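Me: I would like a close look at one part of this model, namely its nonpolar core, set in the context of the whole chain.

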Amino acid sequence: MKSEDLSKFHELVVLRLKELLSSRHGLTVKDNKEDVLEAASRFDAADLNELVFALRRIEKGIYGQCVICRHDIPVDVLKSNLNARLCPSCETVMREKTDPSN
Ligand SMILES: [Zn+2]
């Protein structure tokens with residue numbers, strides 16, 4: 001992913017974290033990313049953890065990479081789900097594997 005895209009997603013993820021923290025926990029978090037991370041880490045909530053995970057991957061520069069095949073996940077997919085870890089084809093494979101009707 002291009003670095004300009006990475007920083008765009010960085011903003012989106014931090015914004016989403018702040019929204020979650022303020023709506024669910026009544027916390028007003030300053031713009032400082034460390035504050036947001038600190039606040040998020042105090043709560044054991046799956047969606048917060050997912051966003052923190054996404055943020056860490058942005059910092060490592062590997063955000064948007066499928067965790068299985070390492071191909072890029074389409075930006076549209078990431079926009080609709082900031083926590084997406086799988087590319088569409090791996091997603092399909094995983095869904096078929098875990099679908100009990102198969
Ligand atoms: Zn994949």
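What percentage of the residues in the chain is buried?

Reply: This is a predicted model, in which local features need pLDDT of at least 70 and side-chain atom pairs count only at pLDDT 80 or more, while totals for chains, interfaces and linings use all residues. Residues are numbered from 1 along each chain as its sequence is written. Of the 102 residues in the chain, 23% are buried, where buried denotes 20 or more other C-beta atoms within 10 Å of a residue's own, exposed 12 or fewer, and partly exposed the range in between, with C-beta atoms placed from the backbone.

The chain has five helices and zero strands, these being DSSP runs numbered from the N terminus (helices H or I, at least four residues; strands E, at least two).

The largest nonpolar core, a set of buried Ala, Val, Leu, Ile, Met, Phe, Trp, Tyr and Cys residues joined through C-beta atoms within 7 Å, has 20 residues, and those with the most contacts inside it are Val13, Leu17, Val36, Ala40, Leu51, Ala54 and Ile58. Helix H1 (3-25), helix H2 (33-41) and helix H3 (46-60) each supply at least two residues of this core. In soluble globular proteins, nonpolar side chains tend to be buried together.

Once its neighbours within four places in sequence are set aside, Val36 is in contact (C-beta atoms, placed from the backbone, within 7 Å) with Val14, Leu17, Lys18 and Val29. Across the chain, 39% of the contacts between residues at least 6 apart in sequence join residues at least 24 apart.

How values were computed. Two residues are in contact if their C-beta atoms, placed from the backbone, lie within 7 Å.
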